[in-house]
Amino acid sequence: MLIAVHRRSAERLRDLCCANRGTFIKVGQHLGALDYLLPEEYTSTLKVLHSRAPQSTMEEIQQVVREDLGKEIAQLFVSFEDTPLGAASLAQVHKAVLNDGRTVAVKVQHPKVQTQSSKDILVMEFLLHAVHWLFPDFAFMWLVEEAKKNMPLELDFLNEGRNAEKVAKLLKQFEFLKVPKIHWDLSTKRILTMEFVEGGQVNDREYMKKHGIDVNEISRNLGKIYSEMIFVNGFVHCDPHPGNVLVRKCPESNKTQIVLLDHGLYQVLNQDFRLNYCRLWQALMKADMQGIERYSRRLGVGDMYPLFACVLTARSWTSVNTGISQTPITNSEDVEIRTNAALYLPQISELLNKIPRQMLLLLKTNDLLRGIETTLQTRASASSFINMSRCCIRAVATYKRSKARSRTRRMQIALSEAVTLWQINMYELFLWLKGTTLGGLVARLLSCFHYAH
């Protein structure tokens, strides 16, 4: 009975978002990522908003191009496909060919979004106040606060272009990452023209199988990218839903690549927050309960640190106590998490209102990445924790070196960092050997030797 009510309500909410478009779809997408907070009927129903947002007509697209670039589409492009490659909450993307023969993707903002977004936020704010007055446990004002802050940034496509170039520079060491190049001469606040890159969505296992792409490699490399962004650079792409993360075989090298799209929403983490977050994850991986409490409190959650640890990791308190890197994820634990999310909804709402605003987008990012891992069936892999550990160690060591007053102290920190990273490399090698045929043979021989004695 309750499931049917949730399903019906979720479908009505989805239809409301589609009818009002723009900001409403954006907030609906955010709600669809809150697996730790909302019943499954809501998240599964609202997730379709990532790929099934309403489209603008070709006449509306032509009008935006005419107003912003001062020319007709036919004057700017050799060809421009009428049917969009995809439609999102704020814009849609069309494939086009430039006069020099290069293929590009042209992202054009829906024409009424700019003027409508501020009104939409006011309406949402009024509705949330009304619901909170009727149901005091319902405390979702943080959603409106985030929309107020982030919407102007997401509506400025020049800002998105700058973010794309910045993240490409920060992560240039990852040859497997592709960020499409921006064509600034054909870009404005409402139009972003970029290099066209073909690929399959990161959650499309069939595409990967067809093109010989290793699912585990993709999951591992995605973890490397986001660990580097969060723990080392503090500049985080906060919308990694499957439509924004593509995979492909590079035409030139035939190596597997991850293509990162839609750079409108980034979170910049300040140094204190980032280092406390690093140390919290280190404590979570070691099951260091004192550390979990200390760094959770530093992040502003007070006595709610056990609930915060569970929300952050999407693991049970039992698993957090045992060590999340040591305890495999099971279906029964996932069911327990969902059940508890419904039981503790008021407390979770209070927690979300209490935590630093920087944390909200990180929680959304964590949930989207976990969703990808669940679809790829790689969530139980230890590789994500290994990558996180490396980045946390590097980030903390870099900070300590910057504060060290003597050369000797800096050398000690560098040596300690090198030894710890070497230990992680050895552990990773051990896990790899354990998974190979040779590793299995050695394990059986050792077992036989043990029983013989």
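**Exercise 1. Place Tyr-277 and Trp-281 relative to each other in their helix.**

Tyr-277 and Trp-281 share helix H11, where they are four residues apart, about one turn of the helix. Helices (H or I, at least four residues) and strands (E, at least two) are DSSP runs, numbered from the N terminus. The model is predicted: local features need pLDDT of at least 70, side-chain atom pairs count only at pLDDT 80 or more, and totals for chains, interfaces and linings use all residues. Residues are numbered from 1 along each chain as its sequence is written, and side-chain values use heavy atoms, without hydrogens and water.

**Exercise 2. Classify the ring pairs of Tyr-277 and describe their setting.**

Step 1. Start with the rule. Rings of Phe, Tyr and Trp (its six-membered ring) pair if their centres lie within 6.5 Å; planes under 30 degrees apart are stacked, over 60 edge-to-face, and the rest tilted.

Step 2. Count. A search of the whole structure gives six aromatic pairs.

Step 3. Take Phe-231 and Tyr-277. Their ring centres are 5.7 Å apart and their planes stand at 20°, so this pair is stacked. Phe-231 belongs to helix H10 (residues 215–233) and Tyr-277 to helix H11 (residues 271–286), so the pair ties together parts that are 46 residues apart in sequence.

Step 4. Take Tyr-277 and Trp-281. The centres are 6.5 Å apart and the planes at 85°, so the pair is edge-to-face.

Step 5. Check burial. Buried means under 20% relative accessible area, exposed over 50%, and partly exposed in between (1.4 Å probe, protein chains only). Phe-231 is buried at 2%. Tyr-277 is buried at 1%. Trp-281 is buried at 6%.

Step 6. Assemble. Ring pairs join Phe-231, Phe-273, Tyr-277 and Trp-281 into a cluster.

**Exercise 3. Find which ring lies under the charged end of Lys-107, and which under Lys-166.**

Step 1. A charge sits over a ring if NZ of Lys or CZ of Arg is within 6 Å of the ring centre and within 35 degrees of the ring normal.

Step 2. For Lys-107, the ring is that of Phe-157, with the charged end 5.0 Å from its centre.

Step 3. For Lys-166, the ring is that of Phe-235, at 4.2 Å from the ring centre.

**Exercise 4. Work out the strand order of the open four-stranded sheet and find its edges.**

Step 1. Two strands pair if DSSP finds at least two bridges between them.

Step 2. The order is S5-S10-S9-S7, with mixed pairing.

Step 3. Strands S5 (177–178) and S7 (200–201) are at the edges. Each has a single partner strand, so one side of each is left without a neighbour in the sheet.

Step 4. S5 pairs with strand S10 (residues 256–260) in the parallel sense, over two bridges. Lys-178 has Val-259 of S10 as its bridge partner.

**Exercise 5. Locate two residues that have a positive phi without being glycine.**

Step 1. Asn-254 has a phi of about 65°, positive although it is not a glycine. Asn-254 sits in the loop between strand S9 (245–249) and S10. At 53% relative accessible area, Asn-254 is exposed.

Step 2. Ala-287 has a positive phi of about 55° and is not a glycine either. Ala-287 is in the loop between H11 and helix H12 (289–298).
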